[in-house]
Amino acid sequence: MEQRLTKEQVLEQFNRICAGTLMETLRISYTDADPETGMLQATMPVDARVYQPMQILHGGATVALAESVGSAASQMLIDRNKELAVGAEISANHLKSARTGTLIATAECVHRGKSSHLFHIRVENEQGELISMVKLLNFIKQRK
């Protein structure tokens, strides 16, 4: 079995591999991790890049943040030499919007099975107000 990375190693690795991806475009940054439990946290600034035409946060940008943190969190819980985590289903309830500031998404694993991981992801603003609640299901597949 693959040896678990430390929190610092996880954050460095996840932030490094975001170069040239949607995460870099949205300026998503991984900020906290617990490799044992699968908790992972990331932030994303709210500005014109993530607005919808009414100049408020686009729900799709919020979901992209949530899926980015939840998918990466599954990577901490598997043996990446033998397994691969792939997104299967995502659903979001948007409860509040934003025009400025930073979103903080926290993924927590609520089911860690052999073939699937289920995450609840809270997306909050800097004041701790709930912006969106997201549920993400990842399938765990064996590498061929």
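These legends describe views of one predicted protein model. Local features need pLDDT of at least 70, side-chain atom pairs count only at pLDDT 80 or more, and totals for chains, interfaces and linings use all residues. Residues are numbered from 1 along each chain as its sequence is written, and side-chain values use heavy atoms, with hydrogens and water left out.

**View 1. The whole protein chain holds three helices and six strands.** Helices (H or I, at least four residues) and strands (E, at least two) are DSSP runs, numbered from the N terminus. Their order along the sequence is α-α-β-β-α-β-β-β-β. The C-alpha trace spans about 50 × 25 × 25 Å along its principal axes. Of the 144 residues, 40% are buried (under 20% relative accessible area, 1.4 Å probe, protein chains only).

**View 2. Helix α3 covers residues 59-77.** Its 19 residues reach 28 Å from the first C-alpha to the last. That is close to the 27 Å expected at 1.5 Å a residue, where the expected span is 1.5 Å times one less than the number of residues. Of these 19 residues, 15 are buried, so α3 is largely enclosed by the rest of the structure.

**View 3. Q127 sits in a loop between two strands.** The strands on either side are β5 (116-124) and β6 (130-142). Q127 has 61% relative accessibility, so it counts as exposed (over 50%; partly exposed lies between buried and exposed).

**View 4. Q127 and G59 are paired here for distance.** They lie 68 residues apart in sequence. In space, 19 Å separates them, C-alpha to C-alpha.
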